[in-house]
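Reader: I would like a close look at one part of this model, the surroundings of the ligand, together with the helices and domains that frame them. Please take the time to connect the pieces rather than list them.

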Amino acid sequence: MSQINIGLLGLGTVGNGVVNILRANRPQLAALNLKITRAAVRNLYPKREALYADIALTTDPASIVADPDIDIVVEVMGGVKDTYPLLVAALKHGKHVISANKDLLSEYGPALTDLARANHVGLYYEAAVTGAIPILHTLSQSYAGDTITRVAGIVNGTSNYILTQMVREGRTYEAALKSAQELGFAEANPKNDIEGFDACYKLLILSRFAFGMTPKLTDIDRQGITDLTAGDFKAARTLGYVIKPLAVAAMQEGKLVLTVSPQLVASSHPLASIIYENNAVLVDSLNTKEIMMSGPGAGSLPTANSVIADLNTIASAIRDNREPAPFTSLRAETVVANGNDRRAARLVAVRRPESAADAVRTAIGTTYTKPLTENGVSYVLTKTLSCDQVEDVKAKINAIDGAEFLHALPVFE
Ligand SMILES: NC(=O)c1ccc[n+]([C@@H]2O[C@H](COP(=O)([O-])OP(=O)(O)OC[C@H]3O[C@@H](n4cnc5c(N)ncnc54)[C@H](OP(=O)(O)O)[C@@H]3O)[C@@H](O)[C@H]2O)c1
């Protein structure tokens, strides 16, 4: 079979992993005759060119997406503003595209998918969600005869690493973040991870694959992990829970409820066992009930392995002289829940003087537990409250002299 030429956009952590896996020349891949012929980087220097002597390096990614000899463009450079036009150009030039870029695909996935269909090429992006875990292929292929009711995941390794350090090693949030940065699990500017944006991007992509819906970032009830304290973990543990950074998309009465927040997970639940930087996705469905996949959500070879799986899918279609199937063909009208529809029992944390105890109790309403108090903060597990009701409780508590509503963490059930 004639050689299939790959143009890499980016030769960093993931790009290097792709090169290394292809260099290992596994028999299944060898049969596809894949070859990285060109790669774009920001900086060119002799040592780098020597390392990749068999790949023509350039600082001009636009030249790769327009190169008539390139069959598949693999985008592993990141960024949105400058990268989106490159992917548009690649598809318009009739190239198949593989990407690991969740930021870009969460926003432009539907538009790029339409463009890929119009140009009869494939657009695959398994590596964009939970690195090594083949969740998108699984959702698109293995649930054809099923109805998914919920997808819940630990999809941000940085947040999971930080919370695990806080629980297991008793570190403060700041110390755990510093440790994550030193080990390369958190970026110098960790905002995307710790405030939940990265998990939101992945949840938007998961929603398309699980439900065929295309919600927006603003449809997600998002809460970061920055204000969690040892007191939250202690209260959760006393009640039989651990706090995990969850991204959840669930169908409730025909509406999609989307949440990214730290949540209370029963200590015995499989998601509670996913620790440090690991990721997991739990799928609930009518036929199969619960299935959970877990593993590394990032890293050079784990993430590149998912890129290679996409290469295998696309190259197999090229070999068979057919158009690759759409990555997902599920489409449904997007109906998202509002604040009144998002209901959960919640662990409410309130800073209050003893004199305000009765007033705070009245503001919160019915609860499952008596207040647990730690360092002047009172924790109570409420009965089911909608997001709108939480806002109401918050306003009432903050109106009480000396009391401050800190947060309300949903209970995952
Ligand atoms: N790292 C992971 O574990 C992981 C996991 C899942 C998904 N992803 C996604 O994969 C993508 C790549 O991540 P990464 O960690 O591999 O990034 P990275 O290590 O920073 O590598 C980025 C590469 O792209 C090149 N590059 C960036 N902008 C460029 C431009 N304008 N023109 C030419 N080359 C450019 C860089 O060149 P220089 O080397 O010269 O700077 C570098 O080689 C991102 O979208 C990320 O979100 C990463």
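Author: A crossing of two helices is called left-handed if the near helix is turned anticlockwise from the far one by less than a right angle, and right-handed if it is turned clockwise. In this predicted model, the crossing of α1 and α13 is right-handed by that rule. The two helices, α1 (residues 13–24) and α13 (residues 300–319), pack at an angle of about 65°, with their axes 8 Å apart. Because angles of 65 to 115 degrees count as roughly perpendicular, α1 is described as roughly perpendicular to α13.

Helix α1 also leads to the ligand, since the largest share of the shell around the ligand, three residues, comes from this helix. The shell holds 25 residues, and those that come nearest to the ligand are G10, G12, M77, G78 and A298. By character, the shell residues divide into 10 nonpolar, 12 polar and three charged.

The wider setting can be described in two ways, from the record and from the domain assignment. An unreviewed UniProt entry lists residues 10–126 as "domain: Aspartate/homoserine dehydrogenase NAD-binding"; over this stretch the chain is 46% helix and 17% strand, and its end C-alpha atoms are 17 Å apart. The unreviewed entry also lists residues 134–311 as "domain: Homoserine dehydrogenase catalytic", where the chain is 39% helix and 28% strand and the end C-alpha atoms are 14 Å apart. The domain assignment, for its part, gives domain 1 as 4–132 + 299–319, domain 2 as 135–296 and domain 3 as 343–410. Between the centres of domain 1 and domain 3, taken over C-alpha atoms, there are 50 Å.

Two further helix pairs complete the picture. Helix α5 (residues 83–92) packs against helix α6 (residues 102–118) at an angle of about 15°, with the axes 10 Å apart, and therefore α5 is roughly parallel to α6. In this pair, too, the crossing is right-handed. Helix α8 (residues 157–168) and helix α9 (residues 173–182) pack at an angle of about 130°, their axes being 9 Å apart, which means that α8 lies oblique to α9. The crossing of α8 and α9 is again right-handed.

Methods. Residues numbered from 1 in each chain as written. Predicted model: local features only at pLDDT ≥ 70, side-chain atom pairs only at ≥ 80, totals over all residues. Near = placed C-beta within 6 Å. Helix = DSSP H or I, 4+ residues; strand = E, 2+ residues; numbered from the N terminus. Nonpolar A, V, L, I, M, F, W, Y, C, P; charged D, E, K, R; others polar. UniProt positions renumbered as here; feature names shortened; annotations may be inferred. Domains from an automatic or database assignment. Axes fitted to C-alpha atoms, helices over the stretch in contact; angles between N-to-C directions. Parallel < 35°, antiparallel > 145°, perpendicular 65-115°, else oblique.
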